[in-house]
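Open the model in your viewer and keep the selection tool at hand. The tour goes from one selection to the next and says what is there each time.

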Amino acid sequence: MDKTANILIVEDDFAISLAIKTILQNNVNCQLTLCYNGQEAIDSLEKITYDLVLSDWNMPVKTGQELLEYIRGNEKEQVKTLPFIMLTARADRDSVINAAKLGVTDFIHKPFNREQLITKIKQALSMPGDQCGGNNTGKNTQATQATDAKTQDITIEKQCSNRRTIS
Amino acid sequence: MLQKTDKKSLPVENSFNDMRLLIIDDEPFNVEILGEILVDAGYQHITSDTDPRNALALCEIHRPDLILLDLQMPYIDGFEIIKRLKANTELCNIPTVVITAQTSKEYRLRALNLGAKDFITKPFDPSEILTRIQNLLETQKLHNNLENQNQELQRVNDTMSELVSIVSHELRTPLTSIKSFVEILRDENDNLDEENKRQFLQIIDNETDRLSRLISDLLDLQKMNSGKIAWNTELVDLIKVSHDTMEFFRPAFHDKGLSLMLNAEMKIGHVMIDADKIRQVLTNVLSNALKFTTAGGVTITVKHNNAWANVLLLSSDEVVSSQITEILTGVSVNTIHHTDRDTILEHLECSGGNTDLLIVDISHRDAENLVLLEQLRITYPALPITVIVSDDETAERKKYSVQKSTFIKKPINIEKSRAAIELQITDLIGLSSQTTMIEISIADTGSGIPIKDLNKVFDRFHQVDTSHTREQSGTGLGLTISNEIIDHYYGRIWVESEIDKGSVFKIILPELRKEKKKLGEILVEKGLVTVEQLSNALKYQT
């Protein structure tokens, strides 16, 4: 990538957020904005134009799902079609399928490795805008989900009820 | 309604006498005879009603093991009741015995086809009735046992799945940081200065601690839930423990520029508790207070408090409310009085676990509160309720739930009612009303907790927004474990809070006093201390 990419990172765990920041700063030509929950991200999206969103799923105040719904339902075409990478610690098929339906561009599972993070971010940034989610990309996201489910060897688990009360 | 429970029963061998029977017959005479027969046979839990319209509601509330049902009744007949029972997934397994006349063979067949299990014929033949009932109860007992075992297995299974899910999620978070920073230190070494490296190593260290705390907390909780934890109960001076814990935290508070104080009442006695575990509770609460307070500080107070029970009163009658207030002053509790149902419901929903007793007036103008009462019995089956009624007859008719309800008649007799309410409150923690309580409160000037989350803070992995505090994250299990510990020693822990003003965590524990033997006896009885330990402990008490 020649151009400096503007990336929004949404992660409520300070240490993980710092790790992502350090890795991306040193390996991707980018400018980073860090938010600590979905609501902060929404506020920031109203002011700044981004090229990519990398977001955690389980967060207080507003979850990753709520953030994605906001983005995919946005009036501005630029926001609506933003590449959205979901960071998730929960290898839960339901939430992955749900996220895929909502138009997630790609997934990164915690604990991730550095190479994988860099590759997936670069990949998402090199995608033409019209392939990165939105209404017309159902086929694309489903395909991503299917390969992902296979390679990550996702196990089906019951959702943690305590967490659901927050999200 | 007829309650045969108090009647002296004959010493009959009956292995089913703990099972619940419900009689629905519009003819009071039939109810009377059947009741006599059953009571004489040793059955102890018999409920009846002559109004068939109450049948389903009574089934919902009492969950009988068997129903004796008349077929020909006004408003709604026995056939219809059977149909409705069969259509209800929770009630469809209650066996029904229909009551018919000798001649009505057609009726019997129709009832049996609809799902009735057996029939008895009028005029009643006691030995035949008892045999038929016993046959059905035998099957029902097996059914109940299986259902209980099934529920227990389901519970174990749910706990296991939850644990797996928790382990996969909660343990991965610190693991992610550790892995990432190790990779950064290995692969990005050229881009990092000394300061970065030190910070990253510190994070790895912190996150490793967090991971190991998570594992030990999870194991602790698991042990507590399965009753496998060792409790080293001893005589503990709460002021000393509070002081020691405070001193442990002092440097951290000092670093954040926060004050930390201890106020203790004179002549506070000791409690019988596991010293390490009460220290663990105080540490959990104090580390939360430290985390969520940015200005001001924390005050720990140790004092006597016997007014720990929270009572909700619903009545529009001013005389009633002033009398209840008078009664409760004697019992010393916190009372919240409201005149409208919606406010009470809202209050219960927000702080369900914090309400210890609900007093509801259903007399005269407040007659409609009865609807609320029935609803609450189903929503909060364990909530103790005192019902204020206008006369004996109403009390009898409206005794919708035998357990956990007490009735007070109008005009209110202060002394009698006080005794009744006192009994309900002391029943809550299983100690006598003579027990004195010691309260430790930890008040911070932090951000406060929204009302809707007040009960949830004791839930496992309740998520709070800690991102901006930049503090090390907790395990999300500390308060859950604290709750288990305090509960084990007949205490209570709860939190009161106001947004932007701060939160107060309160812990009450029963005080051990020489002249009050009851507590000691209970502790020995429950195997928490040995007789020897207790008498040694009491020697040092003044």
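Two strands pair if DSSP finds at least two bridges between them. Helices (H or I, at least four residues) and strands (E, at least two) are themselves DSSP runs, numbered from the N terminus. This is a predicted model, in which local features need pLDDT of at least 70 and side-chain atom pairs count only at pLDDT 80 or more, while totals for chains, interfaces and linings use all residues. Residues are numbered from 1 along each chain as its sequence is written, chains are lettered from A and ligands numbered from 1 in the order in which they are written, and side-chain values use heavy atoms, with hydrogens and water left out.

**Stop 1: a sheet in chain A**

Select the five strands β1 to β5 of chain A. They form an open sheet in the order β2-β1-β3-β4-β5, with parallel pairing. Which strands stand at the edges? They are β2 (30–35) and β5 (106–109) of chain A; each has a single partner strand, so one side of each is left without a neighbour in the sheet. From one strand to the next, the twist averages 20°.

Now narrow the selection to β1 (residues 5–10) and β3 (residues 52–56) of chain A, which pair in the parallel sense over four bridges. A:Ile7 stands opposite A:Leu52 in β3(A).

Add helix α2 (residues 38–47) of chain A. This helix lies across β1 and β2 of chain A and runs at about 155° to β1(A). Axes here are lines fitted to C-alpha atoms, for helices over the stretch in contact, and angles run from 0 to 180 degrees between N-to-C directions.

**Stop 2: an enclosed strand in chain B**

Switch to chain B, which has 17 helices and 18 strands. Of its 542 residues, 47% count as buried; buried means under 20% relative accessible area, exposed over 50%, and partly exposed in between (1.4 Å probe, protein chains only).

Select strand β4 (residues 66–70) of chain B. Five of its five residues are buried, so the strand is largely enclosed by the rest of the structure. In a regular strand the side chains alternate between the two faces of the sheet. In β4(B), B:Leu66, B:Leu68 and B:Asp70 are on one side and B:Ile67 and B:Leu69 on the other, and both faces are covered.

Next, show two strands that pair with β4(B). Strand β2 (residues 20–24) of chain B pairs with β4(B) in the parallel sense over four bridges, and B:Leu21 stands opposite B:Leu66. Strand β5 (residues 96–101) of chain B also pairs with β4(B) in the parallel sense, over four bridges. There, the bridge partner of B:Ile67 is B:Thr96.

Then pick B:Pro95, in the loop between α3 (78–87) and β5 of chain B. Is B:Pro95 buried or exposed? At 5% relative accessibility, B:Pro95 counts as buried. Leaving out residues up to four places away in sequence, B:Pro95 touches B:Asp65, B:Leu66, B:Ile67, B:Lys117 and B:Gln140; contact means heavy atoms within 4.5 Å. B:Pro95 and B:Pro64 are 31 residues apart in sequence and 9.1 Å apart in space, C-alpha to C-alpha.

**Stop 3: helix α15 of chain B and what covers it**

Select helix α15 (residues 478–488) of chain B. Its buried residues include B:Gly478, B:Leu479, B:Ile481 and B:Ile485. Among the elements covering the buried residues of α15(B) are α7, α9 (275–292), β17 (492–498) and β18 (502–510) of chain B.

Add α7 (residues 194–225) of chain B. The two helices pack at an angle of about 30°, with their axes 10 Å apart. That makes α7(B) roughly parallel to α15(B), a word used for angles under 35 degrees, with over 145 roughly antiparallel, 65 to 115 roughly perpendicular and the rest oblique. Among the residues that meet are B:Leu221 and B:Met224 in α7(B), and B:Ile481 and B:Ile485 in α15(B).

Now add α9(B), which packs against α15(B) at an angle of about 145°, with the axes 9 Å apart. Residues of α9(B) in this contact include B:Ile278, B:Val281 and B:Val285.

Finish just past the helix: α15(B) is followed by B:Tyr490, whose phi is positive, near 60°.
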